[in-house]
Amino acid sequence: MKRVAVFWLVVGVIGWALLPWYLTQNGFWRFGWLTDMSGTNASALGAALHDKPWLWLPVLGFVGAALSLGLARTQLAMARGLFASGTAGLALLMGQALLIGTRFGLWEADNPGIGAGAFVTASALLFIATTGVSGLGKGRGDAFVTGLVGAIVALVAIFVFFPLTFILVRAFELKGGAGLGFSEFLPRFFSSTIWGIGCITGGGSCGPAVNSFLLGLSTAAGTTFMGLMFALIFTRTDFRAKKLLRVLTVLPIITPPFVIGLALILLFGRAGTITEFFSWAFGWEKTRWLYGFHGVWLAQMLSFTPIAFLVLIGVVEGVSPSMEEASQTLDANRWQTFRYISFPLMRPGLANAFLLGFIESIADFGNPLVLGGNFNVLSTEIYFAIVGTIADPAQAAILSITLLTFTLSAFLAQRFWVGKKNYATVTGKGDSGRHAALNPVLRWTAYLVALPWAFFTMVLYALILFGSFVKLWGYDHTFTFEHYLRGFKIVVRNGVHFTGAAWDSYFTTLTISAIAAPLTAAVGLATAYLLVRQKFTGKNAFEFSTMLSFAIPGTVIGVAYIMAFNFPPIELTGTGLILIIVFIFRNMPVGVRGGIAAMSQLDKSLDEASIMLGANSATTLRRVILPLMGPAILAALTYSFVRAITSVSAVIFLVSARHNMATSFIVGRVENGEYGIAIAYASVLIVTMLTVIIAMQLVIGRRTLRRADRVEAH
Amino acid sequence: MTKGSVRFEGVTKHFDDVVALKPLDLDIAPGTLVTLLGPSGCGKTTTLRLVAGLESPTSGRIFIGDEDVTHLSATYRKVSMVFQSYALFPHMTVAENVGYGLTVKRVSKSELRPRVEEGLAMVGLEGFGDRLPSELSGGQQQRVAVARAIVLEPEVLLLDEPLSNLDAKLRRHVREEIREIQQRLNLTAIYVTHDQEEAMAVSDRIIVMKNAEIAQEGAPADLYERPNSAFIADFIGDANLLPVEVARSGETVDIVFDGRRLTLPTAFSTTGQANLVLRPHQLRLSHEASADSLPAEVSYAAYLGNQVQYTLDTALGEIFAVTVPDATPFRKGDTVHVGFDPVAARIVSI
């Protein structure tokens, strides 16, 4: 304990006394601050001596820690002292950052956003406090464990909960800065512009909340049904092209947003191929039916059915074959077995898939943006409230709260109601036996529903590729490379020049995703490690808060980030850093789940053996757990990389001229009606991501084989 | 207090609402092998993990040697453990496994190698260093786990059901080896098992636990010959428990059972309802009645080669008896008379 605390004490004092406390003008890594340590380049020590005496405050934490280390007679007293001084120092640091020279300001001061010095100082104080906690016997007395818990809690608090409070504050703010209150919130929140039900009663259109809700229910019902049909075919029939079905499950991961919407426009839009065909053959009128509820629903069905499929494969396979065999030996026929045994056992899983579909649908931003027309949903309304002609942040905040209420309710229902009802029939025992085959009626229903749908999906993807090579879809089908050249032209003259319009955002996207991926995987796996392997007070709350960001729609996070990080103390908008951070916390739940799954398969006594042999938790993680988790780590890396590339909803609020992302570039093209270059770009992204995934699969595949022959004979 | 002793002072452990350990005082002398024995869920593994530092006590204090280790992380305790599943690191060779503890303690390479070889030699696995654990048999893996634990020269060696993954024949052999190494190195060892025969075979002292507390502790012979409760009598070796009335207690006791009064040369402190403990192999079966015998009917007979097992119905309940096979075994339905040796009989409270 003592060594760790001394280390952080030294680090903290260096951070406070030497590093630039605030954001430096020219960036930290150019080290301009080394030669000019005045103004915003000053360290806290410099600024405190000069004009900002309140920067002495955090030092009290270090003084307390030093006194505890030097004077405490018992370990316990030292631990208490460290905890108290670390916490106090942190509170003082945060207090001065939030209250001096900011919007909540107690008094005016020129405080820029905090920088490297403040970050290092705050981390050091945090770790001094957590080291103290470990000395109190928490986390089995392991400073690494308590430090990790502290770090993740702090990160989630700053980058998930802190921004969300800004939405709340904005929504409850009274006009003219007269404080907070319900008097203006309630009428706006319950106004008919949000909750109108005109489309049901027949008096016009519905409010976005009602639209989102109805759309969510329809999409969730549809995707769950389709997903079940696919899952039944996949696990309960001898259908030959199962591998092809499996490909379907990869598609939504690598599909940039808008792609499905664009493909649907190419088919069913006013100038779409199928619309043209029916107009020519039957003289049907060309309508704009696609733009509205039907189109969005269709696009979401195509986008999210594979996700339901993936979830339900697990559910359907989870029904133990021995249950079905038992049923059959009791003289039930196939239909009765399905009706009375398999289906009831799947019901919680189906409810789960339904709720996931609901969350995905109402959080979806890309499809409604492209196909919504006059059909307003919450996610797009939030966007327009921020970037539209009449910017209304308060309305955006209120809409965000509405959306958040929906997703959180579904998330809570999924965790506390469905989660508890799960009949886990997958046991550790080798469950031999075969799943019962489907009865013929059910089997043919599944075939008839799912296979045309799979075919339709394939056609859409083929069209994307095809559409990117023709001049102007629907009007001029001459073959051309024009779109690719506009986006991705390379000129080789006096060196290589990337002159295409898309290169800039393409490289930015790849760079930022590549930086975010390992960090996401690290945070996700570290969280998983704590959840699976460690016991500490408040673990349930910890787990809940780390999984919560799954239920926060990207648009809401985007709005929250621009509201929270646009001014000091944490000023990040316009930087690449904010994009990296948003990816980390948006995609973290995926890493957590992957990590939990992989770590649960590693015998816990392996870690305990390492600990008993005198290794600390950090060494154990590095030498025992990580080497055995290779495939899971690679999977988490790939997935967070790919998700970062395809993410749009949060990103669209946070991009800047310097840091434009591929998806927001595509949005721009779509809004201008330049479909050709948009789908050309989308195709390039798909190929890029496929390459990454396949490369990773090859690596993982080999790793798994090698591990199997080593571990199996245990 | 000396190096290698283990002491608990009023240690308790709660998992949320579940009491895993009621206040426990424990004192384990250096150089002894003590077994924690009991049915599953009795708190024996929790006790072991508290010594290891893998759990923190809810209250109370733990000492190893003279040092208070209550809040000391497992990493820094001079304690090694052999796990039920062996927990050999599958991605390291046998030598890397055995040397792991030395490596993380930054022992120099030149010192590492001889100590690993010495450890492997101790368990008879010279020359196996370059293999992977998966290339060894179960018994060999077990020995690697022991070697890995002892090369660190711990003050206390913990063994968590170390034999439960081995087949029955190998078990006897390995447990003798463990006992032999423990005595040679004069290690303090705490051994957890639910197998009473295993406990009797290896221990200096046995601590029987039940419902999160100690039921009885003592040398193996004490527990078998002087059980203090019906639970111990039944758990350590098979026992028939017959309800009797204790008419007079003291250095010898008078009991009344089946309407007869008998004097037994065993001490008991109270009078009233109690249990008479009769070991199955101490019972005599014959065709003729005697003064202290009970009439019974054979309800089940099983011939096992080296012994014959009988289940007998008597007026006092069912009795299980074991005899050596003879020329005229009893058959199902036969009437027999069950007699016992008053010297071997014990009385325990209900």
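1. A good place to start is chain B, where five strands form an open sheet in the order β13-β12-β11-β14-β20, with antiparallel pairing. At its edges lie β13 (260–264) and β20 (346–348) of chain B, each of which pairs on one side only. Direction ignored, neighbouring strands here are turned by 45° against each other on average. As for terms, strands (E, at least two residues) and helices (H or I, at least four) are DSSP runs numbered from the N terminus, and two strands pair if DSSP finds at least two bridges between them.

2. Before going further, please keep in mind that this is a predicted model: local features need pLDDT of at least 70, side-chain atom pairs count only at pLDDT 80 or more, and totals for chains, interfaces and linings use all residues. Residues are numbered from 1 along each chain as its sequence is written, while chains are lettered from A and ligands numbered from 1 in the order in which they are written.

3. Back at the edge strand β20(B), three bridges join it to strand β14 (residues 272–278) of chain B, and the two run antiparallel. If you would like a pair to look for, Leu276(B) has Ile347(B) in β20(B) as its bridge partner.

4. Chain B also has an open sheet of five strands in the order β15-β19-β16-β17-β18, again with antiparallel pairing. The strands that pair on one side only are β15 (283–286) and β18 (317–323) of chain B. Neighbouring strands of this sheet are turned by 40° against each other on average, direction ignored. Four bridges link β15(B) to strand β19 (residues 335–340) of chain B in the antiparallel sense, and Leu285(B) stands opposite Val338(B) in β19(B).

5. What do the records add for chain B? An unreviewed UniProt entry gives the annotation "domain: ABC transporter" to residues 6–236 of chain B; such annotations may be inferred rather than shown by experiment. Over residues 6–236, chain B is 36% helix and 26% strand, with end C-alpha atoms 25 Å apart.

6. For chain A, the annotation "domain: ABC transmembrane type-1", from an unreviewed UniProt entry, covers residues 209–412 and 506–696. Residues 209–412 of chain A are 79% helix and 0% strand, and their end C-alpha atoms are 19 Å apart. For residues 506–696 of chain A, the values are 77% helix and 0% strand, with the end C-alpha atoms 21 Å apart.

7. Now have a look at helices α1 (residues 2–17) and α4 (residues 59–71) of chain A, whose axes come within 10 Å and cross at roughly 150°. That makes α1(A) roughly antiparallel to α4(A) (angles over 145 degrees count as such). The axes are lines fitted to C-alpha atoms, for helices over the stretch in contact, and angles run from 0 to 180 degrees between N-to-C directions. Among the residues making the contact are Leu9(A) and Trp16(A) of α1(A) and Phe62(A) and Leu69(A) of α4(A).

8. Finally, how many residues of chain A are in contact with chain B? There are 25, and they meet 26 residues of chain B, where contact means C-beta atoms, placed from the backbone, within 7 Å. On the chain A side, α27 (604–612), α28 (617–628) and α32 (675–711) each supply at least two residues. The most come from α27(A), with six residues.

How values were computed:
Contact = placed C-beta atoms within 7 Å. Parallel < 35°, antiparallel > 145°, perpendicular 65-115°, else oblique.
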